[in-house]
Amino acid sequence: MMLPLRKYVHIIFTSDILEALGATVERVRPVSIMHRDHYVNVARRRALEADELASKHRKASQEHPNGLEKHNGHIVEAEKQSNDFSNNSKGGFFADQFENLANFQAHYEGTGPEIWKQTGGNLHAFVAAAGTGGTLAGVSRFLQEKNNKIKCFLIDPPGSGLFNKVTRGVMYTKEEAEGRRLKHPFDTITEGIGINRLTQNFKMAKLDGAFRGTDMEAVEMSRFLMKNDGLFVGSSSAMNCVGAVRVAQSLGPGHTVVTILCDSGMRHLSKFFNPRYLSQYGLTPKAVGLEFLDLR
């Protein structure tokens with residue numbers, strides 16, 4: 001469903017499509033989800049700013065209904081609006097995809113049933129990484145309610161504490177355990193997945209275990225999929241496929257494992273598919289097949 005976007009809609013994202021539809025788009029650079037300037041965190045701040053501005057305008061309208069006020073006996077125009085938001089702004093709305101359980105519910109009612117229908121119920125496991133946790137939670141809960149023999153797993157990127165939370169019941173990262181936290185401990189070449197806190201959405205997940213993935217494995221998997229399957233996927237999808245292989249290795253032959261291809265490589269050109277950037281961090285792909293996952 002396509003909704004018309006009026007001129008006062010202020011979007012924090014990186015999409016030309018929304019701008020073409022009439023929204024004011026504030027462009028932000030791709031950064032880790034835990035960075036203060038990730039688009040989710042910027043959106044939260046902008047919503048609060050819009051709420052504060054709308055509140056000021058309501059108060060000003062009540063005190064000066066004609067838009068005029070007196071200073072030293074002279075009538076002057078009331079203070080002009082900031083250019084960041086329209087004069088018609090009624091406040092901000094932050095969807096809060098991390099804590100809003102509508103996220104979980106959408107995947108419980110949509111993605112889970114879609115997987116069940118497309119596989120005819122003939123699947124043995126589901127695996128995915130988690131950012132908000134909505135996909136993993138919604139799908140895992142739906143599938144296990146349909147068949148409690150279906151195993152559901154997390155694949156976790158570097159810098160995230162979810163692996164240890166699932167497997168050991170304690171939220172911490174490898175860097176923290178070794179006493180060598182980095183300046184930005186959540187930095188990883190993968191974007192949109194991995195986190196070091198429990199979201200309300202993730203708490204709804206029903207999981208049987210977790211696997212760790214590395215940046216190198218995600219990079220190599222993306223190239224393998226491109227060369228062998230013609231799939232140009234982003235870092236989250238690549239990590240999900242790393243997880244699918246890990247689950248398949250643990251279950252053995254004859255099992256059907258499902259994952260999600262949730263992002264395109266087109267959104268990852270500056271880092272994930274940038275040879276110069278990868279070489280700076282020792283992530284230049286070299287594998288011919290799946291030997292990077294101990295498969296020959």
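Which residues are buried in α4? Before selecting them, note that this is a predicted model, in which local features need pLDDT of at least 70 and side-chain atom pairs count only at pLDDT 80 or more, while totals for chains, interfaces and linings use all residues. Residues are numbered from 1 along each chain as its sequence is written, and side-chain values use heavy atoms, with hydrogens and water left out.

Begin with the whole protein, which has nine helices and eight strands; these are DSSP runs numbered from the N terminus, helices being H or I with at least four residues and strands E with at least two. Of its 296 residues, 41% count as buried, where buried means under 20% relative accessible area, exposed over 50%, and partly exposed in between, with a 1.4 Å probe and protein chains only.

Next, select residues 134-146, which are helix α4; this helix has 13 residues and reaches 18 Å from its first C-alpha to its last, close to the 18 Å expected at 1.5 Å a residue (the expected span is 1.5 Å times one less than the number of residues). The answer to the opening question is that G134, L136, A137, G138, V139, S140, F142, L143 and Q144 are buried in α4. Add α3 (102-119), β5 (125-128) and β6 (151-156) to the selection, since the buried residues of α4 pack against these elements, a contact being heavy atoms within 4.5 Å.

Now show the side chains of Y108 and F142. A search of the whole structure finds six aromatic pairs, and in this one the ring centres of Y108 and F142 are 5.9 Å apart with the planes at 80°, so the pair is edge-to-face. (Rings of Phe, Tyr and Trp, the last by its six-membered ring, pair if their centres lie within 6.5 Å; planes under 30 degrees apart count as stacked, over 60 as edge-to-face and the rest as tilted.) Because Y108 lies in helix α3 and F142 in helix α4, the pair ties together parts that are 34 residues apart in sequence. Y108 is partly exposed at 22% relative accessible area, whereas F142 counts as buried at 12%. Adding F104 to the display completes one aromatic cluster with Y108 and F142.

Finally, turn to the surface and select M266, in the loop between β8 (257-258) and α9 (275-280). M266 is exposed, with a relative accessible area of 56%. Select M226, F232 and L269 as well, and the four residues together make a nonpolar surface patch of about 360 Å².

Terms used:
Patch = residues over 30% accessible without salt bridge, like charges linked within 9 Å, V, L, I, M, F, W, Y side chains within 5 Å. Areas by Shrake-Rupley, 256 points an atom, 1.4 Å probe, with all protein chains shown as cover. Salt bridge = Lys/Arg side-chain N within 4 Å of Asp/Glu carboxyl O.
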